[in-house]
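Colleague: I'd like to learn how to read a model like this one. Could you take me through it feature by feature?

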Amino acid sequence: MTRVVAQGTFDILHPGHVHYLQDAADMGDELHVIVARSVNVTHKEPPVVPDEQRREMVGALKPVDEAHLGHPEDIFVPIERIEPDIIALGYDQHHDDEQLEAALSARGLDCDIRRASPLEADVADRLLSTGRIIDRILDERSE
Ligand SMILES: Cc1cc2nc3c(=O)[nH]c(=O)nc-3n(C[C@H](O)[C@H](O)[C@H](O)COP(=O)(O)O)c2cc1C
Ligand SMILES: Nc1ncnc2c1ncn2[C@@H]1O[C@H](COP(=O)(O)OP(=O)(O)OP(=O)(O)O)[C@@H](O)[C@H]1O
């Protein structure tokens, strides 16, 4: 039984998220997703959708066995509980693979770090990022 963890903000869902989660699910037998708390999304605009609602939507996706809300202060607490064999980072996630592996080892956690693949837009009109969806809403719905 290989347990995989994926993680991210997942504010407004789109097919890039589904692709990432399917890719992560294909790395093992059971997929757990850690949904970042709004307070920890500091590297970009914070999410619009509340924490628990994002967790609920991610948990409803086919590749996902269980969705968890992240810890507010210590990102290694959910990892200690879930005990994954693999952590699947998204293709563009800012975490440094080696630093993350070292921090996990320092906490006595032994997991493989892998990178998922990107889903690129095949037609110009596909919206494969939450930021692009929000930009489109602002363009088309503002007076
Ligand atoms: C191994 C790992 C564990 C994480 N655990 C948590 C957590 O417990 N709580 C949380 O708020 N975010 C957690 N995160 C999410 C990061 O904070 C996160 O990558 C970022 O805020 C989400 O941004 P993104 O959607 O642009 O990747 C975790 C990330 C990684 C790589
Ligand atoms: N087009 C995509 N292809 C593959 N993975 C994706 C794609 N878009 C997002 N992901 C992955 O989904 C996870 C959650 O991403 P996140 O919630 O930051 O969405 P986002 O659409 O990239 O957001 P934003 O546009 O605000 O940066 C990350 O691991 C990210 O790499």
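Modeller: We'll go through the record, the core, a helix, the two ligands and a few loop residues. Keep in mind that this is a predicted model.

Colleague: Let's begin with the record. Where does UniProt place a domain?

Modeller: The unreviewed UniProt entry puts "domain: Cytidyltransferase-like" at residues 6–132. Over that stretch, the chain is 31% helix and 17% strand, and the C-alpha atoms at its two ends sit 22 Å apart.

Colleague: Now the inside. Which residues have the most contacts within the largest nonpolar core?

Modeller: The general idea first: in soluble globular proteins, nonpolar side chains tend to be buried together. Here the largest nonpolar core has 21 residues, and those with the most contacts inside it are Ala 6, Leu 21, Ala 24, Leu 31, Val 33 and Ala 88. At least two residues of this core come from each of β1, α1, β2 and β4 (86–89).

Colleague: Take Ala 88, then. What is it in contact with, leaving aside neighbours within four places in sequence?

Modeller: With that filter, Ala 88 touches Val 4, Val 5 and Ala 6, and also Asp 23, Ala 24, Met 27, Arg 114 and Ala 116.

Colleague: How about helices? Which residues of α2 are buried?

Modeller: An α-helix has 3.6 residues a turn, so residues three or four places apart point the same way. In α2 (residues 51–59), the buried ones are Arg 54, Arg 55 and Val 58. They lie on the same side of α2 because they cover an arc of only 100° around the axis. What they pack against is β2 (30–35) and β3 (66–69).

Colleague: On to the ligands. How many residues surround ligand 1, and which come nearest?

Modeller: For a ligand, I'd list the shell, sort it by class, then look for the elements behind it. Ligand 1 has 17 residues around it, with Gly 8, Thr 9, Asn 40, Gly 70 and Ile 75 nearest. By class, that shell holds seven nonpolar, nine polar and one charged. β1 (3–8) and α3 (76–82) each give at least two residues to the shell.

Colleague: And how many residues surround ligand 2?

Modeller: There are 19, and Gly 8, Gly 16, Gly 90, Ser 129 and Gly 131 are the closest. Sorted by class, you get six nonpolar, ten polar and three charged residues. Both α1 (15–25) and α5 (130–141) supply at least two residues, and α1 has the largest share, at four.

Colleague: What about loops? Which residues have a positive phi although they aren't glycines?

Modeller: Two to look at are Phe 10, with a phi of about 55°, and Glu 83, with about 50°. Phe 10 is in the loop between β1 and α1, while Glu 83 is in the loop between α3 and β4.

Colleague: Is each of those buried or exposed?

Modeller: Count the C-beta atoms around each one. Phe 10 has 23 others within 10 Å, so it is buried. Glu 83 has 12 such neighbours inside 10 Å and therefore counts as exposed.

Colleague: One last residue: where does Asp 29 lie?

Modeller: Asp 29 is in the loop between α1 and β2. It counts as exposed because it has 11 other C-beta atoms within 10 Å. Beyond its neighbours within four places in sequence, Asp 29 is in contact with Met 1 and Thr 2. Its C-alpha atom is 9.5 Å from that of Asp 65, 36 residues apart along the chain.

Technical notes. Residues numbered from 1 in each chain as written. Chains lettered and ligands numbered in written order. Predicted model: local features only at pLDDT ≥ 70, side-chain atom pairs only at ≥ 80, totals over all residues. Near = placed C-beta within 6 Å. Nonpolar A, V, L, I, M, F, W, Y, C, P; charged D, E, K, R; others polar. Buried ≥ 20, exposed ≤ 12 C-beta atoms within 10 Å, placed from the backbone. Arc of directions from axis to C-beta. Contact = placed C-beta atoms within 7 Å. UniProt positions renumbered as here; feature names shortened; annotations may be inferred. Core = buried A, V, L, I, M, F, W, Y, C linked by C-beta atoms within 7 Å.
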